[in-house]
Amino acid sequence: MYLDIQRRIQQRFVNVIREAYGLEVTPPPLNDPPSGDLGDLSLASCFELAKQLRRSPKKIAEELAMRIPPLAGIERVSVAGAGYLNFHLDRAAAAAQLFALRTAPPVPGAAGSGKIVVEHTSINPNKAAHIGHLRNAVLGDTFARLLRASGEEVEVQNYIDNTGVQVADVVVGFVHLEKKTLSDVEKLIQDSAVRFDYSCWDLYARVFQFYEEKPEALSLRSQALKDIEEGHGDLAALADLISTAIVRLHLATMLRINVEYDLLVQESEILRLDFWKSAFELLKSTGAIRYEDSGKNQGCWVMTLREAEEGKTEEAAGGEDVKIIVRSNGTVTYVGKDIAYHLWKFALLGKDFGYQLFHTYPGGHQVWRTALEGEPAAPPCGRAHAAYAVIDTRQSYLQNVVKAALDALGFHEQSANLHHFAYEVVGLSPGCAEELGVELTAEDRARPYVEVSGRKGQGVKADDLLDRLLAKALEEVRSRQITQDPQEQETCARRIAVGALRYFLLKVSRRVIIAFDFKEALAFEGETGPYLQYTSVRARNIFRKFQETHPEFQPADLDFDLSMEQLRKLYSGEDGLAFWQLSLLAAQLEMAAQQAIATQEPSIVAKYAFRIAQAFNNFYHRYHILSEADPGRQAFLLFLVHIVERTLAQALDQMGIEIPEHM
RNA sequence: GGGGGUGUAGCUCAGCAGGAUAGAGCAUCGGAUUUCUAAUCCGACGGUCGGGGGUUCGAGUCCCUCCACCCCUGCCA
């Protein structure tokens, strides 16, 4: 609705400029006027036009203010300042439209532009997840939700590197340090007294210590890796056992924060179904990669990155940007496998996986996993029109290699539709690191954050953080005596804990490094998830209370109680501007969501949700609704609450944050 | 060396394709509720938008340059 009005204004402006002055202009950006009484949308284009037309901006603005109307949804156009053109919306009409929009449930799958694959999480299946993984999952999940809310068809994939070195390391640990057999490990996995992913976390650190003390042990790793890649023998069986168990635990951890997946793509199938082989043939036959028969990369297949179109002088010749795709020993690098994976994502490989049902979530949603042989009931996977890969920014170089490979193969459209959703890492504040027992130098202590090493077993485990959040939320819930029912306390605390965490990770731009700190992450006041949830609960409480005296009342029916005349009267009365500004803000959800998608920046929706919650809380204090004596005005206030409550609920849903019954 | 990112209030961060008086949260201080629950609201304090040039009617935003910090630039992933 708001977006439609914006487009109409832009279109009309372009047309009027053409008719009046014979000039062709591009659709101008619309701004927010500095204060609400000046108007709702603003154009500064007259300053620009002043030069070409050799007339004062104010004169032009005044002329345009006459020429532009009538325009659907716009009540009037005014001129302010030295030549700003301000548009005043028809408040009553816009509000009625918004009410209808917010009341009707959104329609899924309406965009119809083709499937979008969002790949996120993609944790090495060899140990427990940490906070950095939570950031990845929350960003990816929120982005997928945003796309779905805007009508896109989305498939969420989680790439499982079950044949990589990290799994091999843990295999080495179990075999050579723990002296455990396959069935020992199996028992360990079954044992509910131990947390398997936590013991792998510690074991992984011990393996690195082992390598340091005995560098010759690195041959054990290569041997394990080779066996795992080839997929036969005890080590391969052990790797499969471990990685599958860890994946199940990762899925359980992510489910705690409302993250689910559609498909797990395993590297083992990329290898065993010869996806790489096909991709290799394709790369060779098109000349995208070449064989080096001399030089430092002798015996390797490499790809040259030509990022600079032209103008690159000879001075840069020494450092030609070359990436090795196949090593001199014939094995393929990670990027090579990623190229194969992405060719499959866009259905460019001429091959497909088999799929087997891996898990059914409590809500009934299914997650499938790639397999050598599939089940007939499997859904169609892949075949993406566009793909987003949520991967931390340190891998930007490698992601560019994948994109460049698609280009080199001539798949320019797919390359353009492949997006590296890059986000910054999560470090620890120096205080937090020391709290966890990490030794710091004086230099470290002066830094805004420190990066800790997973190889040393350092870091904050996802489940530990969640447990702490949950404990604190439970304490708060109990102390406030919201409910006596332990089950309900638990549910409420869980929603608050998850809300706090997800909002904490979403509110900042993906481009900033988060210096993790327990105090900030555990905050429930100010700009936090619980603040937003509390705001929703407050709005709902008004309806709940109102229904005690009006059992028939349904918020969705409010538009029957209010005529356009009443709306007009209330929006132009004494408090009209305050009411209108709240309504206008509520109308901007779609704009915020669209912007978040376009810029791959979910924080835009988070910030938006906070703004509207703040505006509502202010409104809540200024206007007491249940004690309002005038029934017409009361109905109107309830109408406003409904609009805001629905808007906030949708925004929270897009962020994967649930609203507690009581707070 | 090359590529990328960041630099805005004491701290953590917004600032949307340049636009009207630089904004939040936290922290500090001071207020508000016999009311739809104070996980709230209002106010105060606090800023040479890293430095310097330039483009423009107008620059935190665009260009150039310098400075600081971080990441990448592996036959690891």
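Biologist: How far is the side chain of arginine 538 from a phosphate oxygen of RNA strand B?
Modeller: An N or O atom of that arginine 538 side chain is 2.6 Å from a phosphate oxygen of the strand. A polar contact is a pair of N or O atoms within 3.5 Å; within protein, one must be able to donate a hydrogen and the other to accept it, and residues adjacent in sequence count only if both atoms are side-chain atoms. This is a predicted model, where local features need pLDDT of at least 70, side-chain atom pairs count only at pLDDT 80 or more, and totals for chains, interfaces and linings use all residues; side-chain values use heavy atoms, without hydrogens and water. Residues are numbered from 1 along each chain as its sequence is written, with chains lettered from A and ligands numbered from 1 in the order in which they are written.

Biologist: What does arginine 447 do with a phosphate oxygen, and what does histidine 621 do with a base oxygen?
Modeller: A polar side-chain atom of arginine 447 lies 3.1 Å from a phosphate oxygen of RNA strand B. For histidine 621, a side-chain N or O atom is 3.1 Å from a base oxygen of the strand.

Biologist: Which elements give two or more residues to the surface near the RNA?
Modeller: They are α2 (45–53), β3 (84–89), α14 (396–408), α21 (529–549) and α26 (603–622). The largest share, 7 residues, comes from α26. Helices (H or I, at least four residues) and strands (E, at least two) are DSSP runs numbered from the N terminus.

Biologist: Which residues come nearest to RNA strand B?
Modeller: Arg327, Arg480, Tyr531, Tyr620 and Met663, out of 64 residues around the strand. Sugar and phosphate make up 60% of the RNA strand B atoms that come within 4 Å of the protein. A residue is near the strand if one of its heavy atoms lies within 4 Å of it.

Biologist: New topic. How many aromatic pairs are there?
Modeller: The count is 30. Rings of Phe, Tyr and Trp (its six-membered ring) pair if their centres lie within 6.5 Å; planes under 30 degrees apart count as stacked, over 60 as edge-to-face and the rest as tilted. Phenylalanine 143 and tyrosine 388 have ring centres 4.8 Å apart and planes at 65 degrees, so that pair is edge-to-face.

Biologist: Where in the chain do phenylalanine 143 and tyrosine 388 sit?
Modeller: Phenylalanine 143 is in helix α5 (residues 131–149) and tyrosine 388 in strand β12 (residues 386–392), 245 residues apart. Both phenylalanine 143 and tyrosine 388 are buried, meaning under 20% relative accessible area, with exposed over 50% and partly exposed in between (1.4 Å probe, protein chains only).

Biologist: Which residues form the aromatic cluster?
Modeller: Its members include Phe99, Tyr571, Trp580, Phe616 and Tyr620.

Biologist: Which peptide bond is cis?
Modeller: A cis bond joins proline 69 and proline 70, with omega about 0 degrees. Proline 70 is in the loop between α3 (57–67) and β2 (74–80).

Biologist: What is phi at serine 122 and at glutamine 600?
Modeller: Serine 122 has a positive phi near 40 degrees, and glutamine 600 one of about 50 degrees. Most residues other than glycine have a negative phi.

Biologist: Is each of these two buried or partly exposed?
Modeller: Serine 122, in the loop between β4 (116–119) and α5, is partly exposed at 27% relative accessibility. Glutamine 600, in the loop between α25 (589–598) and α26, is buried, with a relative accessible area of 12%.
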